[in-house]
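Subject: Structure handover, ligand site and empty space

Hi,

Here is the structure I promised to pass on. Please open it alongside this note. My findings follow below it.

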Amino acid sequence: MPKISIVAALADDYAIGYKKKLPWNLPADMKHFKALTTGHTVLMGKRTFESLPNGPLPNRTNIVLTTMLSEGVAEGYFEADSLEDALELCSNADQVFVIGGAAVYKQCLDYVDSMYLTWVHGDFKADTYFPEINFSKWKEVSREDHPADEKNDYPYSFSVYERI
Ligand SMILES: NC(=O)c1ccc[n+]([C@@H]2O[C@H](COP(=O)([O-])OP(=O)(O)OC[C@H]3O[C@@H](n4cnc5c(N)ncnc54)[C@H](OP(=O)(O)O)[C@@H]3O)[C@@H](O)[C@H]2O)c1
């Protein structure tokens with residue numbers, strides 16, 4: 001079985017999305033996300049897939065959860081109509097990253113081994129939130145705090161959690 005991890009960027013109040021997009025523009029987090037996930041398998045919900053500006057993420061195996069499977073073969077990604085089927089598609093992968101959105105994080109939170117969370121320190125308008133995390137079940141194994149800078153409007157922290 002592959003190692004399965006969540007990757008998410010969330011505000012201090014757990015906000016993750018607004019009007020089908022991210023609530024912020026944080027290039028440093030985009031870079032971090034790319035470095036972490038490139039070469040691996042990414043699992044996402046249909047709404048997150050539809051929010052990607054250029055379609056499937058390059059150099060990664062993209063698996064998209066949807067109850068409405070495409071007719072014929074989907075271009076550049078795989079579809080699954082249940083979490084069970086999605087995990088079956090991942091069975092030969094070394095590392096699977098669950099990349100959202102809220103609906104998929106909620107279903108996977110109890111199954112993942114680790115979480116790569118970017119905490120974005122600011123107040124944001126949001127309509128989508130990460131599910132509640134029971135921190136007594138998780139150990140923060142690393143954390144890097146970064147101030148805002150000319151490219152990134154908000155301070156942010158890269159944290160890694162392992163299930164206890
Ligand atoms: N901050 C972050 O790190 C981050 C990361 C990702 C996304 N986001 C944001 O989160 C928002 C989207 O999240 P969301 O919760 O609305 O949507 P989502 O989780 O991306 O997608 C939900 C859709 O996925 C499909 N789905 C989910 N579970 C399924 C299952 N077990 N079996 C079959 N299909 C399943 C369904 O698609 P069908 O309707 O096609 O059946 C469902 O409507 C956006 O604002 C996005 O920008 C933020």
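How far is an oxygen atom of the ligand from a polar backbone atom of A103? The distance is 2.9 Å. Keep in mind that this is a predicted model.

**Ligand contacts**

Two further polar pairs involve ligand oxygen. G101 brings a backbone N or O atom to 3.0 Å from an oxygen atom of the ligand. R47 uses its side chain instead: a polar atom there lies 2.8 Å from a ligand oxygen. Cover is given by area. The ligand alone exposes 940 Å², and the protein buries 85% of that.

**The shell**

There are 28 residues around the ligand. Those that come nearest are A9, R47, T48, T66 and T67. By class, the shell holds 13 nonpolar, 10 polar and 5 charged residues.

Where does the ligand sit? It occupies the largest pocket. Four elements each give two or more residues to the shell: β1 (3-11), β2 (15-17), α2 (46-51) and α4 (102-108). Of these, α4 supplies the largest share, with 5 residues.

**The largest pocket**

The volume of this pocket is about 1400 Å³. Its lining counts 50 residues. L22, T48, S51, L52 and I99 are the closest to the pocket centre. T48 is thus on two lists, as it is also among the residues that come nearest to the ligand.

Which elements give two or more residues to this lining? They are β1, β2, α1 (27-37), α2, α4 and β7 (114-120). Sorted by class, the lining has 25 nonpolar, 16 polar and 9 charged residues.

**The cavity**

Now the enclosed space. Rolling a probe the size of a water molecule over the atoms shows where empty space is left. How many cavities of 30 Å³ or more does a search of the whole structure find? The search returns 1.

The largest cavity holds about 40 Å³ of space. Its lining is made up of I4, L43, L83, L87, V98, C108 and Y111. The class split here is 7 nonpolar, no polar and no charged residues. Two of the lining residues fall in elements already named: I4 is part of the cavity lining and lies in β1 (3-11), while C108 also lines the cavity and belongs to α4 (102-108).

Best wishes

Technical notes. Residues are numbered from 1 along each chain as its sequence is written. This is a predicted model: local features need pLDDT of at least 70, side-chain atom pairs count only at pLDDT 80 or more; totals for chains, interfaces and linings use all residues. Side-chain values use heavy atoms; hydrogens and water are left out. A residue is near a molecule or strand if one of its heavy atoms lies within 4 Å of it. A polar contact is a pair of N or O atoms within 3.5 Å; within protein, one must be able to donate a hydrogen and the other to accept it, and residues adjacent in sequence count only if both atoms are side-chain atoms. Accessible areas come from the Shrake-Rupley method with a 1.4 Å probe; for residues, only the protein chains shown count as cover. On a 1 Å grid over the protein atoms alone, a cavity is a set of points where a 1.4 Å probe fits but cannot get out, and a pocket is an open set with protein on both sides within 12 Å along at least five of seven lines; lining residues have an atom within 4 Å of a point. A molecule sits in a cavity or pocket if more than half of its atoms lie within 2 Å of its grid points. Ala, Val, Leu, Ile, Met, Phe, Trp, Tyr, Cys and Pro count as nonpolar, Asp, Glu, Lys and Arg as charged, and the others, Gly among them, as polar. Grid points are joined across faces, edges and corners, and a volume is the space filled by probe spheres set on the points.
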